[in-house]
Amino acid sequence: MKQTLGLYLTLFALAVQVVPCAAADRLTPLDLRDVKVGGEIGRRIDITLTNNLLKLDVDRDFLEPFRVQDGKTSYIGLGKLIDSAVKLAAYSKDPRASALKRHLVEETLKTQAEDGYIGLFPRDQRIKTLWDVHELGYLIWGLLSDYRYFGDRRSLEAARKAADYLVKNWSVLPSDWGAGADVAPHVAFTGLERAFICLHRETGEPAYLNFVVHTRKLPEWDLGIVIGRRTGIEGHVYAYMCRCLAQLELNGLQPNPRLTRPAERAIDFLTRQDGALVTGSAGQCEIWTDDQDARGDVGETCALAYQLRVYDRLLRTGGEARLGDLMERTIFNALFASQSPDGRRLRYFAPPEGERVYWNTDTYCCPCNYRRIIAELPTMVYYRMQNGLAVNLYTPSQAKLTVGKNVPLAVRQETAYPNDGAVRLTLEPAAPETFSLRLRIPVWASGAAATVNGEALLGPLEPGTYCEIRREWKAGDQIALNLPMRWRLVKGRQRQAGRVAVMRGPQVFCLNPAQNSGLAKLDGTELGYLALNPASLGEPVASTAVRPDGIGCRVQAWKPGFGLSPKADYELTLTEFPDPDGKATYFRLRDFSTAEDDILYSAAAASRGAKP
Ligand SMILES: [Zn+2]
């Protein structure tokens, strides 16, 4: 470091500075209306709008049960749908999305009872089940979202009325409410506590905050990581992460160190205690697990959505680069694998091994939470700093913000990421302005380098940290970042020990037997016995299994057995993990010395990337 500093002083004339990240800087997300995203992230947003949201039969599947209120349907996800429609309409400015959003809100408001209730149940059965409360919480959230993005006060008033209904009736419910449900009550409250905190923020009304703090006792919640599906399912990943998020948001209003503890515990479990799979997903049958089982019901889509929001929230307050690495790992692998490549079908689980199935309806938790988190991705690309801009996700994009003394700044990012790690940023401040530009250097990006207007930056760009460049920026200034990508054979953990997953940059690759001759009849377990030949890895090849400009991995492999012939039995093409017919992700090696730790999900990485 001293050497670097000395070098810097001698080359001061370059006027380019690499400084350690200022941990005190707080990051704030940009408004999603000010960001435009391309690449695979942008494509996923577009197809979620055009080939999913706009293809739904919202009257039949979502609204009708709220009109008839016969109590025969326990849960739909209408509030989540409204939230996603609002955000996709605001982001895309597509009139079809705006019309759908308006229809959903208007028709929902028509079903609201005089006392404020919106739901699926007749009068004598209301808020007696956990899922009725769950639905109501998200309806409040969805209506608030409409108010926040489109300013319709009727939506705000309807949200208030629904919240008032819940607070009023809560006081007359028996104290053992929810006890017989086989589910810890907090599992049913996903969404509600955040909705109340948001409602308090929008209205200033203390009753909503009091409900969260005193009735729900949010600050006191400090549950450990419960592994295994047992009565109460306390270890429900989705509910756990959602409650962590509510605590982090409450912490923004009423700072209290205990409010960050469960979130930090969850991150520690995910990254250092085998809580997350190589694809970024966590949990089995919706519950925390650390055995790295890769088959069946692993990694609920709802949980992925809330993992991402917790990473985002912690990134904003702590600024740890590792959180951005967790985001891209999760987005490019587990999250995109939760959707068919054309966008229409969605999954509850996307296991790395064995068959992946689609969820059979457009309603329910996972499809609705998928649409919501996809609509939020534009806010995770860039963040505004106290004086400057942080680049978190690498994807073609454009954004508008202000820096310094309210100087408008436009930023453009051009890249083929994750196909390669070459990223070009162009800054267009309305007037020359001094501010900081922070670039996330992923933990896998050894040898990363950057130039500003063609001049090399000083100092090594340390993987797992931020590179921060503070200088006077002028219109047209260009930053070229190069994040070298090489194939990595990442060691499996726990049940996957002794095998490797193939990675490059943030991407995990999988084996789709249908794309490879001679393998069609093998299932995930049998495919996992194949031994890869690391020496045969070359440049990525084109593959359209997932996206039009996608990539694949050509690699030779041997059948299992005693033979040591150097001649491989197969020339495989591994495809990007979201390949809908991918069935295997972990493989053997004849010589394990080429395997390396999954640096994002190991203790070494956690301490290395923690404090830039
Ligand atoms: Zn779900």
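**Group meeting: salt bridges, the pocket and some backbone details**

The count of salt bridges comes to 47 in this structure. Before I go through some of them, note that this is a predicted model.

I'll take three pairs. In one of them, the side chains of D293 and R495 meet at 3.0 Å, N to O. D293 sits in the loop between α12 and α13, and R495 in the loop between β14 (487-491) and β15 (500-504), so this salt bridge ties together parts that are 202 residues apart in sequence. How does burial look at the two ends? D293 is buried, with a relative accessible area of 16%, while R495 is exposed at 55%.

The next pair is E353 with R499, a salt bridge at 3.4 Å, N to O. R499 belongs to the loop between β14 and β15, and E353 to the loop between α14 (321-335) and α15 (365-376), so parts 146 residues apart in sequence are tied together. Here both E353 and R499 are buried.

Then there is R554 with E571, at 3.9 Å, N to O. This one links strand β19 (residues 551-558), which holds R554, to strand β20 (residues 570-576), which holds E571, so the parts tied together are 17 residues apart in sequence. R554 counts as partly exposed at 33% relative accessibility, and E571 counts as partly exposed at 48%.

There is also a network of salt bridges, and the residues linked in it are D59, E64, R67, E107 and K110.

On to the pocket. The largest pocket has a volume of about 570 Å³. Its lining is made of 22 residues, and those nearest its centre are P29, R148, Y149, R316 and T379. Which elements give two or more residues to that lining? They are α6 (130-150), α9 (192-203), α11 and α13. By class, the lining residues divide into 13 charged, eight nonpolar and one polar.

Staying with helix α11, which spans residues 237-253, I'll look at L248 in it. L248 counts as buried, at 6% relative accessibility. Leaving aside residues up to four places away in sequence, L248 touches L259, T260, A263, V310, R313 and L314. For a distance across the model, the C-alpha atoms of L248 and F349 are separated by 27 Å, with the two positions 101 residues apart along the chain.

Now cysteines. How many disulfides does a search of the whole structure find? Zero. For C198, the nearest cysteine sulfur is that of C242, 13 Å away. The cut-off for a disulfide is 2.5 Å between sulfur atoms, so C198 is in no disulfide. C198 counts as buried at 2% relative accessibility, and C365 counts as buried at 7%.

Last, the backbone. A cis peptide bond joins Y417 and P418, with omega about 5°. P418 is placed in the loop between β7 (407-415) and β8 (422-429).

Two residues other than glycine have positive phi. Q69 has phi near 45° and is found in the loop between α3 (58-68) and α4 (78-92). Q292 has phi near 65°, and its place is the loop between α12 (261-272) and α13 (301-318). Are these glutamines buried or exposed? Q69 has 17% relative accessibility, and the cut-off for buried is under 20%, so Q69 counts as buried. Q292, at 2%, counts as buried too.

How values were computed. Residues are numbered from 1 along each chain as its sequence is written. This is a predicted model: local features need pLDDT of at least 70, side-chain atom pairs count only at pLDDT 80 or more; totals for chains, interfaces and linings use all residues. Side-chain values use heavy atoms; hydrogens and water are left out. Helices (H or I, at least four residues) and strands (E, at least two) are DSSP runs, numbered from the N terminus. Buried means under 20% relative accessible area, exposed over 50%, partly exposed in between (1.4 Å probe, protein chains only). Contact means heavy atoms within 4.5 Å. On a 1 Å grid over the protein atoms alone, a cavity is a set of points where a 1.4 Å probe fits but cannot get out, and a pocket is an open set with protein on both sides within 12 Å along at least five of seven lines; lining residues have an atom within 4 Å of a point. Grid points are joined across faces, edges and corners, and a volume is the space filled by probe spheres set on the points. Ala, Val, Leu, Ile, Met, Phe, Trp, Tyr, Cys and Pro count as nonpolar, Asp, Glu, Lys and Arg as charged, and the others, Gly among them, as polar. A salt bridge is a side-chain nitrogen of Lys or Arg within 4 Å of a carboxyl oxygen of Asp or Glu.
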